[in-house]
Amino acid sequence: MTKVLINEHLVDEQDARVPYNDRGYVFGDGIYEYIRTYNNNIFTAKPHFERLLRSAKEIGLDLKYNVDELTELVQELLAANGVVNGGVYIQVTRGAAPRDHAFPTPSVEANVMAFTKTYERPYKLLEEGINAITIEDIRWLRCDIKSLNLLGNVLAKESAVKYNAQEAIQHRGDIVTEGSSSNVYAIKGGEIYTHPVNNYILNGITRMVIKDIAEAKGIPFNEGTFTVDFLRNADEIIVSSTSIEVMPVIKLDGEFVGEGKVGPITKSLQEGFNRYIDADS
């Protein structure tokens, strides 16, 4: 029987319940993280939970756990479900209270929920690449907070699906920001370009890993804005996230990127990422 974490208790999936007036349900008032596990090891656990705590602080949510305590809770959940390779989704809301836009007074206990799933690495897509489209970024202005308010991301992803693509690369005006569920990188002349860390993007954990790998390999990693036209003329394009890792984009808006195949910089970063997984295990 699949187990779900509800406020430090592991319960059967069929018994997992949250109150109807939970603020995550009625307002999207909460935060989340998605964390990968490889070979029974939680990958980059510390930066993920540090980011969760940062998100909580940014929205004034009192999360009474530290990184070690969150890690222990997730480890217990993964073990209970026998997940070796897969991931865990953890969500924290401001708690249950009568519906009112303002924070509950007095404050209520936050609700913590987590569940797991088993799946393998996307080897075929990593080797062959994916298709992507470009779309206007209609999200709010605090994308640095990993909040539950994902309707803009959902609509962007659905647009990609309608065009037989796997990702939608968003832009504000002419400036590329990030994917619907990923960070975006343009590679030109042997250098990597990606949007700077600010309120317009989420500082992805995989993005941090890619930056470390690039610096170790001596590949210039430029954090600055670039245009949709620059992206379309890139030699290579990558999108990255916890679930898709270092994913090459071989076709954008129906046109091949570069030579229409996975490029050498992408392959080098993928190799570095494989080594990073081994080192973190």
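**Entry 1: a salt bridge at H6**

I began with Glu 223, which forms a salt bridge with Arg 207, the closest N and O atoms being 2.7 Å apart; a salt bridge here is a side-chain nitrogen of Lys or Arg within 4 Å of a carboxyl oxygen of Asp or Glu. Glu 223 lies in strand S12 (residues 221–223) and Arg 207 in helix H6, so the pair ties together parts that are 16 residues apart in sequence. I noted that helices (H or I, at least four residues) and strands (E, at least two) are DSSP runs, numbered from the N terminus. The model is a predicted one, in which local features need pLDDT of at least 70 and side-chain atom pairs count only at pLDDT 80 or more, while totals for chains, interfaces and linings use all residues. Residues are numbered from 1 along each chain as its sequence is written, and side-chain values use heavy atoms, with hydrogens and water left out.

I then looked up how covered the two partners are, where buried means under 20% relative accessible area, exposed over 50%, and partly exposed in between (1.4 Å probe, protein chains only). Glu 223 counts as partly exposed because its relative accessibility is 34%, whereas Arg 207, at 2%, is buried.

**Entry 2: helix H6 itself**

I found that H6 has 13 residues and reaches 19 Å from its first C-alpha to its last, close to the 18 Å expected at 1.5 Å a residue; the expected span is 1.5 Å times one less than the number of residues. Its buried residues include Ile 205, Val 209, Ile 210 and Ile 213. Just after H6, I saw that Gly 218 takes a positive phi of about 75 degrees.

**Entry 3: helix H2**

For H2 (residues 45–58), I read that its 14 residues should span 20 Å, and its end C-alpha atoms are indeed 20 Å apart. In this helix Ala 45, His 48, Phe 49, Arg 51, Leu 52, Ser 55 and Ala 56 are buried. They cover an arc of only 155 degrees around the axis, which puts them on the same side of H2; the arc is that of the directions from the helix axis to the C-beta atoms. On the other side, Lys 46 and Lys 57 are exposed.

Which elements do the buried residues of H2 pack against? I listed strand S3 (30–38), strand S4 (41–42), helix H3 (67–81), strand S5 (86–93) and helix H6 (205–217), contact meaning heavy atoms within 4.5 Å. After H2 comes Gly 60, whose phi is positive, near 70 degrees.

**Entry 4: other salt bridges**

By the rule given above, I have a count of 22 salt bridges. One of them joins Glu 245 and Arg 121, with the closest N and O atoms 2.8 Å apart. This pair links distant parts of the chain, since Glu 245 is in strand S14 (residues 245–252) and Arg 121 is in the loop between strand S6 (111–118) and helix H4 (123–128), 124 residues apart. Glu 245 counts as buried at 1% relative accessibility, and Arg 121 counts as buried at 17%.

I also looked up Arg 139 and Glu 178, whose side chains meet in a salt bridge (2.7 Å, N to O). Arg 139 lies in the loop between S7 and H5 and Glu 178 in strand S9 (residues 175–179), so the pair ties together parts that are 39 residues apart in sequence. Both of these residues are buried. Finally, I noted that Arg 54, Glu 58, Arg 142 and Asp 144 are linked in a network of salt bridges.
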